[in-house]
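The following note records several points on the structure displayed below. Each point is set out as a short numbered paragraph.

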Amino acid sequence: SSETRIRKSIEFSESLRFPAVTICNQNMLKKSKIQGTQAQDYLDQLDDLKFSVAGLKNSNVPPFDIEKVVQESGHHIHEMVNQCQFTDQVCSLKNFTPAATMSFFHGNCYTFNAGDNGSSILRVRASGKMQSLTLRLDSEPHEYYGPFSYDATGFKIAVHNQGNHLDIEEEGYDISPGFYTSIRIKKNKVRR
């Protein structure tokens, strides 16, 4: 017969690194900024529903810099975030940085607590409800346009480690407007 010993211990940390939180509007480009432009033609060309229902024909859109158009005509953080609170302090838009990569479907994405460009990473006490990020967001549904806006109104939000490559389409939560949504996370340390 052999003897097996299992040892379990719990470590409490005084503070933990708060994760990065990436936010993308579900809509790629704002309708008011793209009407009558190549960007509208581009989205119309991608819109199979518009072509099948209205009987329109695909047109050739001259090449243009879609990344530049999204940066200029997409939803910006100052339009999306109406209120920001981290722990018991008011946070500002300075705590958000453009995400490392743009989402092809959602356009501009922004990350809270990314730790980019030498900025310090925010920390929280080990537990407690007040150790959180609270945001009041505006999805600007009146600005939705194009085939990528048909799936949902609201946001894609992902909670992740700083510096991790993020696929917002796969790892993001869909957040609908008009609801209180809570995402809770727990950090476990496993030793082998």
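1. Glu140 counts as buried, because its relative accessibility is 8% and buried means under 20% relative accessible area, with exposed over 50% and partly exposed in between (1.4 Å probe, protein chains only). Glu140 sits in the loop between β8 (133–137) and β9; helices (H or I, at least four residues) and strands (E, at least two) are DSSP runs, numbered from the N terminus. Its phi is near 55°, a positive value in a residue other than glycine.

2. The model is predicted: local features need pLDDT of at least 70, side-chain atom pairs count only at pLDDT 80 or more, and totals for chains, interfaces and linings use all residues. Residues are numbered from 1 along each chain as its sequence is written, and side-chain values use heavy atoms, with hydrogens and water left out.

3. Glu79, in helix α5 (residues 77–80), is among the residues to inspect alongside Glu140, since the two are in contact (heavy atoms within 4.5 Å). Not counting residues up to four places away in sequence, Glu79 also touches Lys30, Lys33, Gly74 and Asp138. Glu79 counts as buried at 17% relative accessibility. Its side chain makes a polar contact of 3.0 Å with that of Lys30 (a pair of N or O atoms within 3.5 Å; within protein, one must be able to donate a hydrogen and the other to accept it, and residues adjacent in sequence count only if both atoms are side-chain atoms).

4. Asn113 is a further non-glycine residue with a positive phi, about 60°. Asn113 lies in the loop between β6 and β7 (123–125) and is buried, with a relative accessible area of 4%.

5. The largest nonpolar core (buried Ala, Val, Leu, Ile, Met, Phe, Trp, Tyr and Cys residues joined through side-chain atoms within 4.5 Å) has 17 residues, of which Phe18, Cys84, Phe86, Phe96, Phe112 and Leu133 touch the most other members. Two or more residues come from each of β2 (20–25), α5, β3 (81–86), β6 and β9 (155–160); β3 gives the most, with 3 residues. A second, separate core of 11 residues includes Met28, Ala39, Tyr42 and Phe148. In soluble globular proteins, nonpolar side chains tend to be buried together.

6. In helix α2 (residues 38–46), Ala39, Gln40, Tyr42, Leu43 and Asp44 are buried. Thr37 caps the N-terminal end of α2, with a side-chain oxygen 3.2 Å from the backbone nitrogen of Ala39.
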